Amino acid sequence: MGTSFFCVLVGADEEICDALYQLANELEAKWSRYISTSEIMQINNNPDSMNEVSDATLRLVNEMKNGFEVTQGLFSGNILGELIDLGFAQSRINPENVTNWQARAKSAADLSDVVIDLESKSVSVPSGVALDSSGIGKGLAADLMSDYAMQLGAMGIAVFAGGDVAVKGMAPDAAGWKVNISDPRDVDKFIDTVLLSRGGLATSSPMGWKINGAHHIIDPRTHKSSDSDVQQATIIAQNASQAEVLAKMCVILGSHEGISRIDSLGVAALVIDNTNQVHTSENWDTYSC
């Protein structure tokens with residue numbers, strides 16, 4: 001999924017740590033678009049047919065479809081071609097791993113047209129649609145890892161996956177899990193700190209990963225890198241996968257429209273615009289410390 005994971009656990013032993021490590025690697029093997037044999041790429045390269053997948057991948061595709069609906073199409077399954085053309089086909093972790101979308105095509109279809117058959121545990125994408133788990137996948141992986149740790153008997157856990165965080169259970173600090181929000185202009189500085197008792201957080205920015213001046217957050221309305229005024233968006237939501245989707249939405253919409261949409265959804269956001277002004281949603285202060 002193009003990122004590194006680390007966990008902070010309370011009341012866990014080495015066996016639980018090993019199990020989480022194994023789960024992360026299993027999810028990478030299922031979801032990476034840089035692995036031709038992954039379930040995601042098997043779906044993408046066999047359009048208009050039902051492909052049997054694991055329960056985890058069924059959950060991922062369902063989260064993608066929900067993301068499309070919640071963002072009114074801004075979270076799209078029709079932008080992988082643009083990412084490849086801009087130079088984002090290679091993995092940042094290992095440049096030898098390259099996205100191979102053999103069934104690439106153009107169409108007006110999108111995630112709303114993806115079919116999930118729960119009975120046969122199968123997924124079908126229409127021609128022209130490709131599932132990319134790079135962002136939402138790391139958020140969902142953090143969610144699944146935190147769930148798994150608690151099932152195995154941990155008392156609490158925070159999973160950090162790039163800019164995504166999922167927390168559950170008891171924190172080392174009685175007040176809750178403390179998460180620092182980095183300054184996009186200087187990652188060694190923090191612009192705010194939040195306390196979470198549960199749920200997820202995601203931070204997204206167009207400033208980090210760029211190729212020839214283009215970044216990886218594609219606006220499906222223009223099929224180009226988003227050119228809004230947002231430098232960075234941080235979202236606190238029910239889980240990390242939802243927060244990841246909404247953070248990308250804010251980057252695409254811009255600071256004012258993004259905050260307005262977040263307020264309508266009842267989640268929390270902190271957005272920094274290109275003049276370094278900080279915008280927060282109505283309920284951000286609930287978490288800020």
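**Helix α1, an aromatic pair and a hairpin**

At the N-terminal end of helix α1, D13 acts as the cap, with a side-chain oxygen 3.2 Å from the backbone nitrogen of E15. The model described here is predicted. Helix α1 itself comprises residues 14-31, 18 residues in total, and reaches 26 Å from its first C-alpha to its last, close to the 26 Å expected at 1.5 Å a residue.

The helix presents two distinct sides. Residues I16, A19, L20, L23, A24, L27 and W31 of α1 are buried. These buried residues cover an arc of only 140° around the axis, which puts them on the same side of α1. An α-helix has 3.6 residues a turn, so residues three or four places apart point the same way. On the other side of α1, E14, E15 and Y21 are exposed. The cover over the buried residues of α1 includes strands β1 (5-10) and β5 (156-161), together with helices α2 (39-44), α3 (55-70) and α5 (136-151).

The structure contains one aromatic pair. Its members are F6 and F160, whose ring centres are 4.7 Å apart and whose planes meet at 5°, so the pair is stacked. Because F6 lies in strand β1 and F160 in strand β5, the pair ties together parts that are 154 residues apart in sequence. F160 has a relative accessible area of 19% and, because the cut-off for burial is under 20%, it counts as buried.

Further along the chain, strands β7 (residues 177-183) and β8 (residues 186-196) run antiparallel and are joined by seven bridges. A hairpin of two residues leads from β7 to β8. Within this pairing, W177 stands opposite L196 in β8.

How values were computed. Residues are numbered from 1 along each chain as its sequence is written. This is a predicted model: local features need pLDDT of at least 70, side-chain atom pairs count only at pLDDT 80 or more; totals for chains, interfaces and linings use all residues. Side-chain values use heavy atoms; hydrogens and water are left out. Two strands pair if DSSP finds at least two bridges between them. Helices (H or I, at least four residues) and strands (E, at least two) are DSSP runs, numbered from the N terminus. The expected span of a helix is 1.5 Å times one less than its number of residues. Buried means under 20% relative accessible area, exposed over 50%, partly exposed in between (1.4 Å probe, protein chains only). The arc is that of the directions from the helix axis to the C-beta atoms. Contact means heavy atoms within 4.5 Å. A polar contact is a pair of N or O atoms within 3.5 Å; within protein, one must be able to donate a hydrogen and the other to accept it, and residues adjacent in sequence count only if both atoms are side-chain atoms. Rings of Phe, Tyr and Trp (its six-membered ring) pair if their centres lie within 6.5 Å; planes under 30 degrees apart count as stacked, over 60 as edge-to-face and the rest as tilted.
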